[in-house]
Amino acid sequence: MTCTVKAQSDEDLPKSAEEFKEMKVKAKEGDLHAQYIVGYCYLTGISGVVAQQYEKGKSMMRKAADAGSADACRIMYKMNPQKNYGYRQRAEQLYTEDGSGEACYYMAELLVNDKRTSQRWLKTALQKGYRRAQTALESIYNNDWSGSATSFESWVNGILAIGESDNVVMQLEKPKAEIKYMSEVDVNLPADSDRSNTNTVALIVGNENYQKVPPVSYALNDASMFAEYCKQVLGLPDQNVFYLPDATYGTLVGSIADIKYLATTYPDSTLNIIFYYAGHGVPNEQSKDAYLMPVDADPQRTNICYPTGKLINDLASTNARSIVLILDACFSGSLRGDGVLAENRGVAIKPKETAPKGRMVMFSSAMGDETAWPYKEKGHGMFTYFLLKKLQQTQGNVSLDELSDYLVMNVRRQSALNLKKQTPSVIAANELGEAWREWKLK
């Protein structure tokens with residue numbers, strides 16, 4: 001049995017059997033990096049140094065992972081993603097705590113199946129001066145990466161082989177494609193180290209890549225970054241944040257059912273729920289009811305879309321202490337930008353307004369038949385960009401009233417500067433009166 005993973009650097013690998021013996025001594029003494037290297041050598045085998053012994057390598061790699069090696073945790077997860085998912089969570093935690101450019105680079109490899117998130121980590125690695133990330137980013141922007149782990153690992157192998165020669169430095173100064181850096185809201189998140197917001201759960205959906213209609217620009221970046229804000233800024237533990245990239249109808253239905261069940265494990269009126277959605281919204285042409293559109297749905301067959309009315313009823317039924325819906329979508333049938341979803345309909349529809357229920361407040365990115373526009377310079381939907389901006393500025397300590405005013409003012413102004421019109425709305429359930437204005441997400 002073979003293992004396709006690579007060590008952090010070929011320079012770390014022993015060049016002779018004698019060097020391998022010395023590395024084994026360090027590993028026995030508890031050196032985590034040595035344990036990782038020894039495990040790697042056994043997993044892959046090195047001609048003239050050590051024969052491949054897969055089970056022995058796996059045992060050593062597990063020992064290093066259990067002792068706190070982020071790299072070993074990453075390898076354990078990649079060897080069996082289903083069985084070893086806990087190692088992925090541990091690796092993410094350790095790499096995040098490390099925060100170096102190299103750690104960010106290996107976070108990108110760890111999360112390679114989520115192309116958007118992986119790309120964001122590569123950009124962070126590059127901003128921190130880790131030059132290997134630029135080669136990978138150049139390949140992405142030249143469409144050389146399919147998003148599969150195998151091809152990413154081939155990049156890693158190639159990057160490791162490049163070394164640090166002067167010629168390589170010259171090449172890196174002249175990239176094949178323009179490297180587009182992230183917005184300021186995608187970096188330098190004000191961290192909540194306590195992560196004590198244990199009574200709040202967040203279900204976050206980012207639907208960008210649709211099967212039957214054009215994509216929603218930046219929806220995955222919107223949703224993945226909001227998930228990071230929930231963890232790092234609002235202080236939710238990792239297990240309290242449920243992130244669904246490109247959710248199908250079945251995934252969406254199942255996840256909302258999971259949230260409803262989870263609510264039953266909390267005493268009444270102690271749970272806070274945040275539901276965030278970035279993607280297409282669609283109206284029913286006859287009833288004018290509004291729907292969230294899964295990535296496998298058809299805009300003219302709303303029976304396989306998720307009604308916002310049902311979403312409201314489902315979440316209200318949990319008897320949660322607070323429910324905040326954040327919808328970065330327009331429900332007029334417009335695209336995020338110019339155009340409409342259904343080719344045989346040339347105009348947008350003004351959908352019915354759906355009132356929130358229970359202890360619920362609903363933020364919507366656009367009113368009536370308006371369009372929710374992208375903010376191309378920032379790589380986000382305009383509404384989500386300003387949402388993240390305010391959370392960043394206030395470290396999450398902002399009332400819903402203040403957040404509401406900020407979003408309405410800034411989204412209206414920026415869209416007007418772009419000669420467009422977009423007005424966010426904030427609606428609270430009647431029973432809340434004015435009490436919701438003092439609520440905070442944190």
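Before we look at helix 13, one definition: a residue counts as buried when its relative accessible area is under 20%, as exposed when that area is over 50%, and as partly exposed in between. With that in hand, and keeping in mind that what we have here is a predicted model, we can say that the buried residues of helix 13 are Thr-308, Leu-311, Ile-312, Asp-314, Leu-315 and Ala-316. What lies over these buried residues includes helix 12, strand 3, strand 5, strand 6, strand 7 and strand 8.

Let me step back to the whole chain for a moment. The protein chain has 442 residues, of which 55% are buried, and its secondary structure comprises 15 helices and 11 strands. If we take the contacts between residues at least 6 apart in sequence, 69% of them join residues that are at least 24 apart.

Now to the interior. In soluble globular proteins, nonpolar side chains tend to be buried together. In this model the largest nonpolar core has 81 residues, and the members that touch the most others are Phe-226 and Phe-275. Which residues does Phe-275 touch, if we leave out those up to four places away in sequence? They are Leu-203, Val-205, Leu-292, Leu-311, Leu-315, Val-324, Leu-325, Ile-326 and Leu-327, and you will recognise Leu-311 and Leu-315 from the buried residues of helix 13. Apart from this core lies another, of 46 residues, among them Ala-34, Tyr-36, Tyr-40 and Leu-126.

Next I would like to turn to a pocket, the second largest, which has a volume of about 670 Å³. It is lined by 26 residues, and those closest to its centre are Thr-96, Trp-121, Leu-189, Glu-228 and Gln-232. Helix 5, helix 6, helix 7 and helix 11 are the elements that each give two or more residues to the lining, and the largest share, 5 residues, comes from helix 5. Sorted by class, the lining has 10 charged, 8 polar and 8 nonpolar residues.

Two individual residues deserve a careful look, and I will begin with Glu-109, which lies in helix 6. Is Glu-109 buried or exposed? Its relative accessibility is 4%, and because the cut-off for buried is under 20%, Glu-109 counts as buried. The side chain of Glu-109 is joined to that of Lys-78 by a polar contact of 2.3 Å.

The other is Tyr-375, which is found in strand 9 and which is also buried, since its relative accessible area is 10%. Tyr-375 and Tyr-218 are 157 residues apart in sequence, yet their C-alpha atoms are 8.9 Å apart in space. Not counting residues up to four places away in sequence, Tyr-375 touches His-380, Gly-381, Met-382, Tyr-385, Phe-386 and Gln-414.

I will finish with the backbone. Most residues other than glycine have a negative phi. Asn-319, however, has a positive phi, near 55°, and this residue is found in the loop between helix 13 and strand 7. Gln-395 likewise has a positive phi near 55°, and its place is in the loop between helix 14 and helix 15. How accessible is Asn-319, buried, exposed or partly exposed? Asn-319 has a relative accessible area of 47%, so it counts as partly exposed, and Gln-395, at 47% relative accessibility, counts as partly exposed as well.

How values were computed
Residues are numbered from 1 along each chain as its sequence is written. This is a predicted model: local features need pLDDT of at least 70, side-chain atom pairs count only at pLDDT 80 or more; totals for chains, interfaces and linings use all residues. Side-chain values use heavy atoms; hydrogens and water are left out. On a 1 Å grid over the protein atoms alone, a cavity is a set of points where a 1.4 Å probe fits but cannot get out, and a pocket is an open set with protein on both sides within 12 Å along at least five of seven lines; lining residues have an atom within 4 Å of a point. Grid points are joined across faces, edges and corners, and a volume is the space filled by probe spheres set on the points. Helices (H or I, at least four residues) and strands (E, at least two) are DSSP runs, numbered from the N terminus. Ala, Val, Leu, Ile, Met, Phe, Trp, Tyr, Cys and Pro count as nonpolar, Asp, Glu, Lys and Arg as charged, and the others, Gly among them, as polar. Buried means under 20% relative accessible area, exposed over 50%, partly exposed in between (1.4 Å probe, protein chains only). A polar contact is a pair of N or O atoms within 3.5 Å; within protein, one must be able to donate a hydrogen and the other to accept it, and residues adjacent in sequence count only if both atoms are side-chain atoms. A nonpolar core is a set of buried Ala, Val, Leu, Ile, Met, Phe, Trp, Tyr and Cys residues joined through side-chain atoms within 4.5 Å. Contact means heavy atoms within 4.5 Å.
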